[in-house]
Amino acid sequence: MNILDEIAGRTRERIQEEKRKQSLLDLKYRIREQERQAPSFYGALAAPGMSYICELKKASPSKGLIAPDYPYVELAREYEAAGASAIFCLTEPYYFQGADRYLQEVVQNVSIPILRKDFTVDEYMIYQAKELGASAVLLICAILEEAQVREYRQIAEELGLDALVEAHDEREVEMALNAGARIVGVNNRDLRTFEVNMQNSIRLRNMAPRDVVFISESGIKGFEDIRVLYENDVDAVLIGETLMRSHDKGEALRQLNGGTLEQLRLAV
Ligand SMILES: O=P(O)(O)OC[C@@H](O)[C@@H](O)c1c[nH]c2ccccc12
């Protein structure tokens, strides 16, 4: 069994437990009481120029512990001040050491959109994301059927959330588009082997129409990576480890952007 299937299985168990504490019906009821409308994730990324999405990730299966000290609210504020268009907040507890409350607190402390980064395997998780205040959810093609991607995307939409559909190869990009995805992320890291290849998103970019927001994810380390992606019509980049490990987030983003804030139009 590969790591992705393992995480998906563990997530199913976790969600079953959570449902026992609060049923889907109760959760739906709580959401109806909610007044806050989260900022648009799609809108933030569709802006002209390269958009930067920064990730809050304490640990990962491929890298182990990345940030022993994890002041997530402070980090989120730094990302926002540095010009990030959006933030991905890991909530998966067992492999990424995330937590729902990280997301909940971050949402209350920044005004840019936040995506709940988790392994969505049940509609319940989309309602949870809404309750936590997220602007978007992640749907990973490799652990879902096309019909599920479509259904989950529609549920998200009904709740006013965007869905980022993550794909890794031709077949999955096709699946994402068939399921009606408006935001497609291509992971440069093969979650089955952990290998990173930037050409992956460049190669797949042309499969998606121009109005689909296209995100290149993982393994992005410097300006050269970003420049090539930008020249190949990638709308946004998702950066985790490089930023988590840098002390000055503003300076790190400026370097990624080629030493300036203008060249690729980092939105500040
Ligand atoms: O830390 P990196 O190499 O910059 O990667 C970030 C992000 O792309 C990666 O964390 C990621 C991409 N897709 C995911 C799905 C689940 C968990 C994590 C991920």
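Me: Okay, helices first. Which way does α2 pass α6, in a left-handed or right-handed crossing?
Reply: α2 passes α6 in a left-handed crossing. Keep in mind that this is a predicted model.

Me: Which residues make that contact?
Reply: On the α2 side you've got L24, L27, K28, R30 and I31, and they meet Y124, Y127, Q128, K130 and E131 of α6. Sorted by class, that contact has 5 nonpolar, 1 polar and 4 charged residues.

Me: And what's the angle between α2 and α6?
Reply: Helix α2 (residues 24–33) and helix α6 (residues 124–132) pack at about 30°, and their axes are 10 Å apart. Angles under 35 degrees count as roughly parallel, so α2 and α6 are roughly parallel to each other.

Me: Cool. Switching to α4, how does α4 pack with α5?
Reply: The angle there is about 40°, with the axes of α4 and helix α5 (residues 100–109) 9 Å apart. That's why α4 and α5 are described as oblique to each other. α4 passes α5 in a right-handed crossing.

Me: Which residues meet there?
Reply: From α4 it's Y72, V73, A76 and R77, and from α5 it's Y102, E105, V106 and N109. The contact splits into 5 nonpolar, 1 polar and 2 charged residues.

Me: What about α4 and α12, at what angle do their axes cross?
Reply: The axes of helix α4 (residues 72–82) and helix α12 (residues 249–256) cross at roughly 45°, and they come within 8 Å. That makes α4 oblique to α12. The crossing of α4 past α12 is right-handed.

Me: Who's touching whom in that one?
Reply: α4 brings E78, Y79, A81 and A82, while α12 brings K249, G250 and L253. In that contact of α4 with α12 you'll find 4 nonpolar, 1 polar and 2 charged residues.

Me: New topic, the ligand. How many residues surround it?
Reply: 14 residues surround the ligand, and the closest are E217, S218, L238, G240 and E241.

Me: How does that shell divide by class?
Reply: The shell around the ligand has 3 nonpolar, 5 polar and 6 charged residues.

Me: Which elements supply at least two residues of the shell each?
Reply: Both β10 (236–239) and α11 (241–244) do that.

Me: Last thing, what domain does UniProt place on this chain?
Reply: The UniProt record, an unreviewed entry, places "domain: Indole-3-glycerol phosphate synthase" at residues 4–256.

Me: How much of that stretch is helix, and how much strand?
Reply: Over residues 4–256 the chain is 45% helix and 17% strand. The end C-alpha atoms of that stretch are 29 Å apart.

Methods. Residues numbered from 1 in each chain as written. Predicted model: local features only at pLDDT ≥ 70, side-chain atom pairs only at ≥ 80, totals over all residues. Axes fitted to C-alpha atoms, helices over the stretch in contact; angles between N-to-C directions. Helix = DSSP H or I, 4+ residues; strand = E, 2+ residues; numbered from the N terminus. Parallel < 35°, antiparallel > 145°, perpendicular 65-115°, else oblique. Left-handed = near helix turned anticlockwise from the far one by under 90°. Contact = placed C-beta atoms within 7 Å. Nonpolar A, V, L, I, M, F, W, Y, C, P; charged D, E, K, R; others polar. UniProt positions renumbered as here; feature names shortened; annotations may be inferred. Near = placed C-beta within 6 Å.
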